[in-house]
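User: Could you take me through how to read a few features of a structure, giving the general idea before the particular case? I would like to begin with the handedness of helix crossings.

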Amino acid sequence: MSSTTKKSSSSFAPSNITRQQAVAYSFVMGFLLKWNDVLGDKEILFTEEQFQVAALISTICFCAVEIHFSLINMELYGMMLGLISGCLLGGKLDIYVHVVPSVFAPIVHLLIFFFFKNASWHGLDYSGSWAKKLLVVFSHVFFVAAVDEITHEFFEDHPNDFIRMFFDRRLFSDTYTVIVWLLSTKKLLPFGLSDACNWTAMFFCPLTFGWGYDLMRALKPVINDYLSS
């Protein structure tokens, strides 16, 4: 959606989601992604039939939420593509709760690009240097996701508790991104990258995404304790 296009009147339209709401939305995305992990790896004390029903419902819900989330703006679109790459790097695309959204969401975006590029209900701005912005966001998320996954495996059994915790919680991505964000505020990034995208959103959205992911991870034993009681 170009900057001159009138926004949709619906408060649920992605084009009307504020940046503050998008940060909270990222928390929900992280929570749901980990829930899909838990279902896919069968880490909850469900019967086989319960797993099948829960996985089906979760897949449909995650598809809808992921697509809606990625239509808010170009930064979140790039993050969605980076999230899919992160799932691939982490070996998570072997379960259909991840495969279906990872295939379906990009197809929806292709249809929007060809047929609804200037629609008022989405917040994607395909004017100006949109391709550069999308490439910068995707490249950044892909890089930090790759490093997070590689170092997570490499330091999984490290004897130092802090180092093991740092890479287990994928804190490299937050550390690296906050450095890039601070450099962008001083216009110190090379090749005009300081203004290539909204680096504030690039820091806070993945940060709250990680909080949602960690919350679901912490709730998993609580849920299992409840189900086993």
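Analyst: A crossing is called left-handed if the near helix is turned anticlockwise from the far one by less than a right angle, and right-handed if it is turned clockwise. In this model, which is predicted, the crossing of α1 and α8 is right-handed.

User: Which residues make up α1 and α8, and at what angle do their axes cross?

Analyst: In general, two packed helices are described by the angle between their axes and the distance between the axes. Here helix α1 covers residues 19–40 and helix α8 covers residues 199–228, and their axes come within 7 Å and cross at roughly 40°. The residues of the contact of α1 with α8 divide into 18 nonpolar, four polar and five charged.

User: How should I read the largest pocket, and what is its volume?

Analyst: One may begin with the volume and then ask which residues and elements form the lining. The largest pocket has a volume of about 680 Å³, and of the 34 residues that line it, L83, D148, S173, P206 and F209 are the closest to its centre. The elements that each give two or more residues to this lining are α1, α3 (74–89), α5 (130–154), α7 (171–185) and α8, with α8 contributing the largest share, ten residues. By class, the lining of the largest pocket has 18 nonpolar, seven polar and nine charged residues.

User: How many disulfides does the structure contain?

Analyst: The test is one of distance, since a disulfide is a pair of cysteine sulfur atoms within 2.5 Å. A search of the whole structure finds zero disulfides. For C61, the nearest cysteine sulfur is that of C63, 9.5 Å away.

User: Why is C197 not bonded to C205, and is C197 buried or exposed?

Analyst: The sulfur of C197 is 11 Å from that of C205, its closest cysteine sulfur, and so too far for a bond. As for accessibility, C197 counts as buried because its relative accessibility is 10%, under the 20% limit for that class. C61, by contrast, counts as partly exposed, because its relative accessibility is 41%.

User: Where does E43 lie, and how far is E43 from F204 in space?

Analyst: Separation along the chain and separation in space are best stated side by side. E43 lies in the loop between α1 and α2 (48–70), and it counts as partly exposed because its relative accessibility is 28%. E43 and F204 are 161 residues apart in sequence and, taken from C-alpha to C-alpha, 29 Å apart in space.

Note on methods:
Residues are numbered from 1 along each chain as its sequence is written. This is a predicted model: local features need pLDDT of at least 70, side-chain atom pairs count only at pLDDT 80 or more; totals for chains, interfaces and linings use all residues. Side-chain values use heavy atoms; hydrogens and water are left out. Buried means under 20% relative accessible area, exposed over 50%, partly exposed in between (1.4 Å probe, protein chains only). Axes are lines fitted to C-alpha atoms, for helices over the stretch in contact, and angles run from 0 to 180 degrees between N-to-C directions. Helices (H or I, at least four residues) and strands (E, at least two) are DSSP runs, numbered from the N terminus. Ala, Val, Leu, Ile, Met, Phe, Trp, Tyr, Cys and Pro count as nonpolar, Asp, Glu, Lys and Arg as charged, and the others, Gly among them, as polar. On a 1 Å grid over the protein atoms alone, a cavity is a set of points where a 1.4 Å probe fits but cannot get out, and a pocket is an open set with protein on both sides within 12 Å along at least five of seven lines; lining residues have an atom within 4 Å of a point. Grid points are joined across faces, edges and corners, and a volume is the space filled by probe spheres set on the points.
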